[in-house]
Amino acid sequence: MANQEVVFPPDMGATAAMAPGSSCRALFACTSLRSPYRVLPGVDDEYRARPPCATSWVVEAIRASSPARSPAVDEYAAWTRRHPSALGSFEEIAAAAEGKQVVVFMDYDGTLSPIVADPDMAFMTDEMRAAVRDVAKHFPAAIVTGRCVEKVYSFVGLSELYYAGSHGMDIKGPTSNEEDATAAAVLLQPAREFLPVIAEAYEALVEKTKGTPGARVENNKFCLSVHFRCVDEKVIIGSSSSQTRRF
Ligand SMILES: O=P(O)(O)OC[C@H]1O[C@H](O[C@H]2O[C@H](CO)[C@@H](O)[C@H](O)[C@H]2O)[C@H](O)[C@@H](O)[C@@H]1O
């Protein structure tokens, strides 16, 4: 809302500051006018017709002068309200864990490593690796991921962890030395018999997506990921509407 002027009811005895960089021209109190409201030049008639509720006027004025929030930001804020950081309740959690066996489960992509465009380049930092190593010294620790175990192990490189790859379809335990780690003890592979079908599905998906620039299929052994982060949506929407017209 550009250059909008606002009106304040007389019961607002104090000054209200304008946010730096705001497009709203003036927010200040008024006390000696005949009209119950002081009308600033250029004000919208709609404001004059409103009841003298200082709070709602102020809130509205502040809202109008604030930049629009994106739905993604609102969604994230709502999500963090529902799932607050455990660090904010650390004492409480530590007290609740007293005398119990604690096991730490960690996600990989976007948690231990930053999200990057190329899934093969999602490396974790040495600092993060050291932190995970420390965690594993104190508790049984597992990485639970959509990646295949071999891939996530190549990123993490810690033989003392449990790895639950392919969203839990491939679970391996810790090994005593790093050489053995890639062949670490398999604890569970319940979908082993489906490997040939999954391999077929992989080939089919590669074929299907090969005409989509930026699309990429990742073989996670017991599951597959089709990546579209690098697909230009405008190109796809354009081509799908031309397909729609054709049929
Ligand atoms: O369960 P996760 O460990 O979180 O795995 C979920 C998917 O993670 C990876 O993809 C995501 O990270 C990539 C690298 O930062 C990024 O390029 C991609 O857009 C993200 O979706 C992984 O590549 C997938 O196979 C996993 O399913």
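Student: In this predicted model, what makes strand 2 and strand 3 (residues 162–165) a pair?

Tutor: Pairing requires at least two bridges between the strands, and strand 2 and strand 3 are joined by three, running in the parallel sense; they therefore count as paired. One residue pair to look at is Ile-143, whose bridge partner in strand 3 is Tyr-163.

Student: Why is the crossover from strand 2 to strand 3 called right-handed?

Tutor: The chain leaves strand 2, passes through helix 6 (residues 149–156) and enters strand 3. The β-α-β crossover is called right-handed because, with the strands pointing away from the viewer, this path runs clockwise.

Student: How do you know that the buried residues of helix 6 lie on the same side?

Tutor: Those residues are Val-149, Val-152, Tyr-153 and Val-156. They cover an arc of only 105° around the axis, which puts them on the same side of helix 6. In general, residues three or four places apart in an α-helix point the same way, because there are 3.6 residues a turn. Among the elements that cover the buried residues of helix 6 are helix 5, strand 2 and strand 3.

Student: What makes Ala-141 and Ile-143 in strand 2 buried?

Tutor: Each is called buried because 20 or more other C-beta atoms lie within 10 Å of its own. Ala-141 and Ile-143 point to one face, whereas Ala-142 and Val-144 point to the other and are not buried.

Student: Which residue of strand 2 stands opposite Phe-105?

Tutor: Phe-105 stands opposite Ala-142, and strand 1 (residues 104–106) runs parallel to strand 2, with three bridges joining them.

How values were computed:
Residues are numbered from 1 along each chain as its sequence is written. This is a predicted model: local features need pLDDT of at least 70, side-chain atom pairs count only at pLDDT 80 or more; totals for chains, interfaces and linings use all residues. A residue is buried if 20 or more other C-beta atoms lie within 10 Å of its own, exposed if 12 or fewer, and partly exposed in between; C-beta atoms are placed from the backbone. Helices (H or I, at least four residues) and strands (E, at least two) are DSSP runs, numbered from the N terminus. The arc is that of the directions from the helix axis to the C-beta atoms. Two residues are in contact if their C-beta atoms, placed from the backbone, lie within 7 Å.
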